[in-house]
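Me: I am new to this structure and would like a close look at one part of it. Could you walk me through a single helix and its surroundings, and then show how that part sits in the whole?

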Amino acid sequence: MTRIGYHASHEQHAPSALLRHVRAADEAGFACAMSSEHFKPWSRVQGHSGHAWSWLGAALATTRLPFGIITAPGYRHHPAVLAQSAATLSEMFPERLWLALGSGQRLNEDITGLPWPEKAERNARLAECAAVIRALLSGETVTHRGRVTVIDAQLYSRPKTPPLLIGGAATAATARALGAWADGLVTVGIEPDKLRPVVEAFREGGGAGKPVFLQTKVCWDPDPARALAEAHAQWSSNAIEGEVNWEMRRPEDFETAARFVRPEDMHACVRISDDLGQHAAWLAELAEMGFSEIIVHQVGTRQEAFIDAFGRSVLPQFGG
């Protein structure tokens with residue numbers, strides 16, 4: 001059965017608040033969780049961006065939940081340091097972490113001053129970093145000179161079982177390329193017809209039989225007008241499709257690009273409803289696709305009410 005998880009959005013909430021939220025999600029019956037990993041939020045309205053790796057130690061220590069995190073190696077995060085971070089958490093909390101690697105977003109990675117390459121080059125850097133991380137997690141001593149440089153790196157504290165090394169993809173082309181090296185796939189979306197080609201491409205590219213995880217966005221509120229308004233206020237800067245999402249540098253740039261997004265446009269990227277039965281039906285439709293985990297991201301600000309409502313009315317339908 002698909003596990004239903006809770007998404008901890010560092011862009012929208014202070015780290016201390018997120019810690020309360022994941023504790024509440026654990027108590028409410030969510031089976032797993034996922035953490036975002038940003039340096040800047042998508043918009044100034046969101047207003048936060050805590051250090052996810054610091055926060056994960058506290059989250060794992062104070063809940064029973066397994067966690068996933070997606071991050072971009074090779075820019076802010078050297079792959080050897082990422083491997084060390086994941087290994088340390090996995091040694092303390094065995095088999096409770098999966099590490100997803102993505103090709104990155106300029107919004108977060110531009111702070112290093114490195115040139116921001118085109119997508120094909122970012123994918124090549126991703127595959128190279130993934131190989132370095134996998135070798136380190138398996139106990140190898142790594143020296144590598146390529147798109148990234150690693151000299152005589154070795155992890156001295158490792159878990160008995162390395163964390164799954166997952167590939168992050170939003171398009172079929174990227175998902176197909178990940179199949180060759182990733183232990184699984186994580187993608188994002190709300191529509192089965194749009195998600196199916198991404199999942200199929202991953203499986204055709206070498207991912208057959210590997211787990212697939214989904215982050216899906218909802219906005220629930222008992223007041224339907226407030227649910228729509230919250231989705232628009234918090235997530236309109238994320239409603240733009242295409243490569244522009246990976247190219248813009250500042251939250252202000254996303255706000256400018258999204259200035260013509262209307263509240264009614266939000267239904268294309270967020271499942272918005274006051275009806276908990278409808279939310280359960282939407283999740284059931286996604287679960288039929290065979291996802292190992294569906295991580296639910298409540299984009300509205302009222303997290304405690306959402307956790308309580310989903311815990312009472314939605315999760316029991318999925319064994320929670």
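Reply: Happy to help; here is a tour that starts with one helix and widens out from there.

Please keep in mind that this is a predicted model. The helix to look at is H2, which spans residues 52–62. Its buried residues are Ala52, Trp53, Trp55, Leu56, Gly57, Ala59 and Leu60. As a rule, an α-helix has 3.6 residues a turn, so residues three or four places apart point the same way.

What lies over those buried residues? The cover of H2 includes S1, H1, strand S2 (32–35), strand S3 (67–71), helix H3 (79–92) and strand S4 (97–101).

Now zoom in on Ala59, one of the residues of H2. Ala59 counts as buried because its relative accessibility is 0%. Setting aside residues up to four places away in sequence, Ala59 touches Leu19, Val22 and Phe67. His21 is 38 residues from Ala59 along the chain, yet the C-alpha atoms of the two are separated by 9.8 Å.

Phe67 is a good next stop. Leaving out neighbours within four places in sequence, Phe67 is in contact with Val22, Ala33, Met34, Trp55, Leu56, Ala59, Leu60, Arg96, Leu97 and Trp98. Among these partners, Trp55, Leu56, Ala59 and Leu60 are also on the list of buried residues of H2.

From here you can step into the largest nonpolar core, which has 71 residues. Phe30, Trp55, Phe67, Leu101, Phe306 and Phe310 are the residues with the most contacts inside this core. Helix H5 (residues 119–137) gives the largest share of the core, 7 residues. Apart from this core lies another, of 16 residues, including Leu107, Ala231, Val261 and Val270. In soluble globular proteins, nonpolar side chains tend to be buried together.

Two of the names above, Phe306 and Phe310, lead to helix H12 (residues 303–313), where they are buried along with Gln303, Ile307, Ala309 and Gly311. The cover over the buried residues of H12 includes strand S1 (3–8), helix H1 (15–28), strand S9 (212–220), helix H11 (276–287) and strand S11 (293–298). S1 and H1 also appear in the cover of H2.

A word on the cysteines. A search of the whole structure finds 0 disulfides. Cys219 is in no disulfide, and the nearest cysteine sulfur, that of Cys269, is 11 Å away. Cys219 is buried, as its relative accessible area is 1%. Cys32 counts as buried too, because its relative accessibility is 0%.

Finally, step back to the whole chain. The protein chain has 12 helices and 11 strands. Of its 320 residues, 55% count as buried. For 320 residues, a compact globule would have a radius of gyration near 20 Å, and the 19 Å of this chain agrees with that. The C-alpha atoms fill a box of roughly 55 × 40 × 40 Å along the principal axes. Among contacts with a separation of 6 or more, 75% come from residues 24 or more positions apart. The chain exposes about 13,200 Å², and carbon and sulfur atoms supply 52% of that area.

The UniProt record, an unreviewed entry, places the feature "domain: Luciferase-like" at residues 5–292. Over residues 5–292 the chain is 42% helix and 17% strand, and the end C-alpha atoms are 10 Å apart.

How values were computed. Residues are numbered from 1 along each chain as its sequence is written. This is a predicted model: local features need pLDDT of at least 70, side-chain atom pairs count only at pLDDT 80 or more; totals for chains, interfaces and linings use all residues. Side-chain values use heavy atoms; hydrogens and water are left out. UniProt positions are given in the numbering used here, feature names are shortened, and annotations may be inferred rather than shown by experiment. Helices (H or I, at least four residues) and strands (E, at least two) are DSSP runs, numbered from the N terminus. A disulfide is a pair of cysteine sulfur atoms within 2.5 Å. Buried means under 20% relative accessible area, exposed over 50%, partly exposed in between (1.4 Å probe, protein chains only). The radius of gyration is taken over C-alpha atoms; the globule rule is 2.2 Å times the number of residues to the power 0.38. Contact means heavy atoms within 4.5 Å. Accessible areas come from the Shrake-Rupley method with a 1.4 Å probe; for residues, only the protein chains shown count as cover. A nonpolar core is a set of buried Ala, Val, Leu, Ile, Met, Phe, Trp, Tyr and Cys residues joined through side-chain atoms within 4.5 Å.
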